[in-house]
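Please open the structure in your viewer and keep the sequence panel visible. The tour below proceeds by selection, one stop at a time.

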Amino acid sequence: MDITDLPAVQPGDEAILIGSAGQETITAYDLARQTDTITNEILSQLGTRLERILS
């Protein structure tokens, strides 16, 4: 994620890459469509360092 133009973002801030916050939802399909790829590529590229919260 490119946060260059978001000056209010600070280290330690929560970032939701896939999921919901309030009324907003981002799916793997949304990311795949925006980057011209498939959902499997998005999900397999996440890596193990990201904290996963399943609810």
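The stops that follow go from the whole chain to its helices, its surface and its pockets.

**The whole chain**

Begin with the complete protein in cartoon form, bearing in mind that this is a predicted model. Two helices and two strands are present, and along the sequence they follow the pattern β-β-α-α. Taken along the principal axes, the C-alpha atoms fill a box of roughly 30 × 25 × 25 Å. Next, switch on a surface representation. The accessible surface comes to about 5,200 Å², and carbon and sulfur atoms contribute 52% of that surface. Of the 55 residues, 9% count as buried.

**Helix H1 and its salt bridge**

Select residues 28-34, which make up helix H1, and display the side chains of aspartate 30 and arginine 33. These two residues form a salt bridge, with 3.6 Å between the closest N and O atoms. A search of the whole structure finds one salt bridge. How far apart are the two partners in helix H1? They are three residues apart, and therefore separated by about one helical turn. Aspartate 30 has a relative accessible area of 19%, so this residue counts as buried, the cut-off being under 20%.

**The loop after H1**

Move on to aspartate 36, in the loop between H1 and helix H2 (39-44). What is the sign of phi at aspartate 36? The phi of aspartate 36 is positive, at about 55°, although this residue is not a glycine. As background, most residues other than glycine have a negative phi. Aspartate 36 has a relative accessibility of 74% and counts as exposed.

**The segment before E1**

Now select leucine 6 and glutamate 14. Leucine 6 lies in the segment before strand E1 (19-21), and glutamate 14 is also found in the segment before E1. Leucine 6 is partly exposed, with a relative accessible area of 47%, whereas glutamate 14 is exposed, at 71%. Extend the selection from leucine 6 to Met1, Ile3 and Val9: with Leu6, these residues form a nonpolar patch on the surface. Together the four have about 400 Å² of accessible area.

A distance label may be added here. Glutamate 14 and leucine 43 are 29 residues apart along the chain, and their C-alpha atoms are separated by 19 Å.

**The largest pocket**

Turn to the empty space around the chain. Rolling a probe the size of a water molecule over the atoms shows where such space is left. Select Ala15, Ile16, Leu17, Ile18 and Glu51, which lie nearest the centre of the largest pocket. The pocket holds about 580 Å³ of space and is lined by 14 residues. By class, that lining has eight nonpolar, three polar and three charged residues.

**The second largest pocket**

For the final stop, select Met1, Asp2, Ile3, Leu6, Val9, Asp13, Glu14, Ala15, Ile16, Leu17, Ile26 and Leu31, the lining of the second largest pocket. About 250 Å³ of space lies in this pocket. How many residues of its lining are nonpolar, polar and charged? The lining divides into nine nonpolar, no polar and three charged residues. Several residues from earlier stops return here: Met1, Ile3, Leu6 and Val9 of the nonpolar patch are among the lining residues, as is Glu14. Ala15, Ile16 and Leu17, already seen close to the centre of the largest pocket, also line the second largest pocket.

Conventions:
Residues numbered from 1 in each chain as written. Predicted model: local features only at pLDDT ≥ 70, side-chain atom pairs only at ≥ 80, totals over all residues. Heavy atoms only, no water. 1 Å grid on protein atoms, 1.4 Å probe; cavity = no way out; pocket = protein on both sides within 12 Å on 5 of 7 lines; lining within 4 Å. Points joined across faces, edges and corners; volume = space filled by probe spheres on them. Nonpolar A, V, L, I, M, F, W, Y, C, P; charged D, E, K, R; others polar. Salt bridge = Lys/Arg side-chain N within 4 Å of Asp/Glu carboxyl O. Helix = DSSP H or I, 4+ residues; strand = E, 2+ residues; numbered from the N terminus. Buried < 20%, exposed > 50% of the residue type's maximum accessible area, 1.4 Å probe, protein only. Patch = residues over 30% accessible without salt bridge, like charges linked within 9 Å, V, L, I, M, F, W, Y side chains within 5 Å. Areas by Shrake-Rupley, 256 points an atom, 1.4 Å probe, with all protein chains shown as cover.
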